Amino acid sequence: MSILVDDDTRVVVQGITGGEGKFHTGQMMEYGTNVVAGAVPGRGGQEVEGVPVYDTVSEAAREEDANASVIFVPPAFAGDAMFEALDSPVDLAVAITEGVPQQDMAKVYRRLGETDTYLVGPNCPGLITPGAAKLGILPGNIFSEGDVGLVSRSGTLTYQVVDSLTKRGIGQTTAVGIGGDPIIGTDFVDALELFENDPDTKAVVMCGEIGGEDEEEAADYIAEYMDTPVAGFIAGRTAPPGKRMGHAGAIVSGSGTGTAESKIEALNDAGVPVGDTPEEVADAVEEFI
Amino acid sequence: MKLHEYQAKGVFADAGVPTPKSALASTVDEAVDAADEVGYPCAVKAQVQVGGRGKAGGIELVDDEDELREAAERIIGMDLKGLHVDRVLVEEAVDFVDELYVGVTMDRGEGKPVVMVSTEGGVDIEQVAEENPEAIAREHVDPAFGLHPYQARRAVFSAGVDRDVATDVARVLTTLYSLWDDKDGTDAEINPLMITSDREVIAADAVMNVDDDALFRHPDLQEMEEEGDVGGDELEQKADEYGFDYVRLSGNVGIIGNGAGLVMTTLDLVDYYGGSPANFLDIGGGAKAERVTNALDMVFSDENVDSVVFNIFGGITRGDEVAKGINEALESFDEIPKPVVVRLAGTNAEEGMEILNTDLVTVEATLESAVQRAVEYAEEEA
């Protein structure tokens, strides 16, 4: 079992004719993902990597029975692309695009509340159920099938932690990169809830970072609702206040909220061990299973 | 992007928010001319983007030309919290009886905009927010509809603003929201919004920060950014030109990696193993060799750096491209300035390892060992 994606997921790629869209469509198919269609306005009737392209997502979903969308659309058009996915509708939309304007995202987020669709991202590496499907740009070869769920705000940090797990023979049910922007679709709590309800997920790793209060909210959720054990990691302990560290959300205000300390403390209080290094996270997971 | 005070005031005034009479000056004589225009008494305000300008000596109130000359001479050319002051705003001094705070920002937790009003204006509003949060009235805004006038009135009345100016303050708030919305603002604030003895409202300060990711749809703001760019940290400017996410820190271990979370983790590990990070530098996703060369150039330009650790976990970024970039950068030196430790994993890492010139760098297999080695080198060099 897994969360959000499995063997039956049928994917439409928005922006499939672009450089990134085309390359990663090939990579996703090579991994075994059912990419059934592309959607690019004005390119209907073409083919990319042997996949038929439609002018609209709703047409692609109707004709090819697609139920998920992966978005490789430039930032200026990404907000509109997310609206299109939500209105098609698909069950899952994964927005890889980095640099989506915040106000566009606020509107998408508001629309998201009126739908049953899960949106992952934007500015994220996507998600993968090892051995079944990957939607996004994650390097498939470092993942392995198993019983640990992973949710992370950072792409490369996900790879780092997964690599430690896989090398110890610990596989994953699903790994989700939720992205580091201030406004995102699926957040920690959403992903944790899905993992808690997945009978095959025996433990969860949660990788957070400075900025915002998402990790603190996740800690409250874990304390109240989760039986599945969770191990954590928080990046940015050494970040100076007031500076933005790459991710839009990774900024610490001077006032004590959103710092690594406050997040680690909240997680510890919820019974979540937080590793000082990625290897220590893997140690904690090893003890759980 | 942060607008300068004079730029933000111009934008606010154009939209109909009352602002004091003011003029920009970059020499003492220009400041005298400006003061003749706006009249005495007036304020001389350094145009640099730091908080607490007043306390740091960047704002002075003057009564006549002699005082103005003295103030302008002192402020123009001064260093304010590390920034060079090359312009001042000479502004009419407003005779006020009350000071308010109004602001708009994005509430990331709610994923929607929020407008704020407080009668505790003229002071550090962040401190008010922390110590006395009830003193700030808030209204969340549905981004699909914008701020309704009734919401602005509700915020103003619940903040306890005097009834005789409440409607005017509510109008300022709706205007501020529209501006924030139109210009892709991240924060827009007036602190203080002054109330005069004639019961007029005037924006005595103006803050406007704009979403960099949305600048593509605002050519007017892009022009302001170029005009307002008066420097700052030399290395951070260079990073801007190269298009890196870069933050200069106070330590001596240079850090280069791909992906914000992984680079932050590398910083944390340097600290964990007893070293001190010199910088945060994220080369981003899919970097080609040239970008890697530029990154090394950046870090070597920082004279505090005693060693460098490269931490790459390839996904969209390819190890062979990174290795080429490292070789190119290092082969251009007769002598390598400081030791470089490289850790490559993920996409094409093996190809990268074969390409890397190991006479020039130290290769480590894990994140932990790479960081430890870089910390040791830094200690030896320091």
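## Annotated sites: worked exercises

The unreviewed UniProt entry annotates a "binding site" at A:Thr17, A:Gly18, A:Gly19, A:Glu20, A:Ile96, A:Thr97 and A:Glu98. Of this set, A:Glu20 is in the lining of the second largest pocket. The model is predicted, and local features need pLDDT of at least 70. Residues are numbered from 1 along each chain, and chains are lettered from A.

**Exercise 1.** Place A:Thr17 and state its exposure.

Step 1. A:Thr17 sits in the loop between strand S1 (10-14) and helix H1 (19-31) of chain A.
Step 2. Its relative accessible area is 27%, so A:Thr17 is partly exposed (buried is under 20%, exposed over 50%, partly exposed in between; 1.4 Å probe, protein chains only).
Step 3. Leaving aside neighbours within four places in sequence, A:Thr17 is in contact (heavy atoms within 4.5 Å) with A:Val40, A:Arg43, A:Gln46 and A:Val48.

**Exercise 2.** Decide whether A:Ile96 is buried or exposed, and locate it.

Step 1. The loop between strand S6 (92-95) and helix H4 (102-112) of chain A holds A:Ile96.
Step 2. A:Ile96 counts as buried because its relative accessibility is 10%.
Step 3. Beyond neighbours within four places in sequence, its contacts include A:Val70, A:Phe72, A:Cys124 and A:Ile137.

**Exercise 3.** Find the residue that UniProt lists for "active site", and describe its surroundings.

Step 1. The unreviewed entry lists A:His247.
Step 2. A:His247 lies in the loop between strand S13 (230-235) and helix H8 (260-269) of chain A.
Step 3. With a relative accessible area of 11%, A:His247 is buried.
Step 4. Neighbours within four places in sequence aside, A:His247 is in contact with A:Arg153, A:Ser154, A:Gly180, A:Glu209, B:Ala260 and B:Gly261.

Technical notes
This is a predicted model: local features need pLDDT of at least 70, side-chain atom pairs count only at pLDDT 80 or more; totals for chains, interfaces and linings use all residues. Side-chain values use heavy atoms; hydrogens and water are left out. UniProt positions are given in the numbering used here, feature names are shortened, and annotations may be inferred rather than shown by experiment. On a 1 Å grid over the protein atoms alone, a cavity is a set of points where a 1.4 Å probe fits but cannot get out, and a pocket is an open set with protein on both sides within 12 Å along at least five of seven lines; lining residues have an atom within 4 Å of a point. Helices (H or I, at least four residues) and strands (E, at least two) are DSSP runs, numbered from the N terminus.
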